[in-house]
Amino acid sequence: MNNNNRYDLTGKVAIITGASKGIGEAIAYRMGKAGAKIIISSRKQDAVDIVAQNFKAEGIDATAIACHVGDMAQNDNLVQKTIEIYGRVDILVNNAVTNPIFGATLQADLGAFDKIMDVNVKAPFYLSKLVQPYMVKNGGGNIINISSVAGLTPDMGLGLYSVSKASLNMLTKVLAKEWGSVNIRVNSICPGVIKTKLSEAITSNEHIAKELINKQALKHFGEPDDIAGLAMLLASDAGSYITGAILTADGGLTI
Ligand SMILES: NC(=O)c1ccc[n+]([C@@H]2O[C@H](COP(=O)([O-])OP(=O)(O)OC[C@H]3O[C@@H](n4cnc5c(N)ncnc54)[C@H](OP(=O)(O)O)[C@@H]3O)[C@@H](O)[C@H]2O)c1
């Protein structure tokens with residue numbers, strides 16, 4: 001048995017959606033530093049170009065491809081371009097998210113419902129379908145869905161977001177069960193409160209922030225890099241027997 005660096009990703013190709021900032025960027029960086037070739041993707045070409053340039057300056061093989069994951073034709077293009085450039089795909093991180101409403105679910109209309117489900121659930125399903133044959137061809141692969149603790153218990157004000165993340169967790173379990181026989185591992189990470197643009201409304205509100213931190217075992221919010229470590233475990237040989245898992249990284253918020 002070779003026990004040397006089981007986190008090494010040399011030779012692997014990883015697509016990370018929503019990688020222009022926050023958790024996606026942190027995961028992309030760590031995977032790139034571990035030797036993977038990285039596809040940096042988000043809606044805005046200029047934003048992903050900057051991240052790819054910064055990564056390249058640090059010796060990471062990175063390519064920027066803009067993709068609005070709510071548009072299935074753009075998802076087709078993302079995977080097709082990845083294959084054209086690198087010839088394979090080994091890791092898919094479904095990280096991009098939308099949450100257009102904050103408030104009572106009664107106020108949400110069908111347009112908001114569709115938007116949330118398209119980006120948070122349909123895109124991970126569709127992208128997983130697109131990469132699956134290439135992973136099978138390489139003898140296996142790895143899919144990581146970035147979910148949320150809101151997918152485990154309903155979050156007040158984030159009703160449909162919670163529904164979408166619970167659905168994503170079930171997608172994880174379903175695909176893990178169906179694709180285990182072709183050596184594709186599928187797992188969910190459920191972050192707690194991580195300091196990013198998405199959580200700014202919470203972390204910058206003194207009252208809400210204090211209340212949440214009081215509930216946590218660890219008395220501080222997380223950083224994007226706190227999630228990257230878990231993603232590295234799941235994507236690499238170090239996590240070789242983990243599939244279908246719904247793992248929290250929440251500073252003990254849900255204990
Ligand atoms: N931060 C937290 O406290 C927290 C807690 C639980 C779960 N999470 C989960 O962690 C993941 C990352 O969140 P984050 O906090 O890192 O968010 P963030 O800092 O706001 O970053 C979101 C990323 O997604 C991209 N994006 C947004 N809409 C997109 C779309 N339709 N298609 C493609 N890319 C899109 C954004 O770039 P562009 O604007 O360029 O598209 C950006 O790169 C999400 O799945 C979120 O649900 C976060």
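At 255 residues, a compact globule would be expected to show a radius of gyration near 18 Å, and the protein, at 17 Å, agrees with that (the radius is taken over C-alpha atoms, and the globule rule is 2.2 Å times the number of residues to the power 0.38). This is a predicted model, in which local features need pLDDT of at least 70 and side-chain atom pairs count only at pLDDT 80 or more, while totals for chains, interfaces and linings use all residues. Residues are numbered from 1 along each chain as its sequence is written, and side-chain values use heavy atoms, with hydrogens and water left out.

The C-alpha trace spans about 50 × 40 × 40 Å along its principal axes. Eight helices and seven strands make up the secondary structure (DSSP runs, H or I of at least four residues for helices and E of at least two for strands, numbered from the N terminus). Of the 255 residues, 48% count as buried (under 20% relative accessible area, with exposed over 50% and partly exposed in between; 1.4 Å probe, protein chains only).

Six salt bridges turn up in the structure (a side-chain nitrogen of Lys or Arg within 4 Å of a carboxyl oxygen of Asp or Glu). One of them pairs Arg-30 with Asp-225, with the closest N and O atoms 2.8 Å apart. That pair ties together distant parts of the chain, helix α1 (residues 22–33) and helix α8 (residues 224–235), across 195 residues. Another joins Asp-90 and Arg-88 at 2.7 Å, N to O. Here Asp-90 is buried, at 4% relative accessible area, whereas Arg-88 is partly exposed at 27%.
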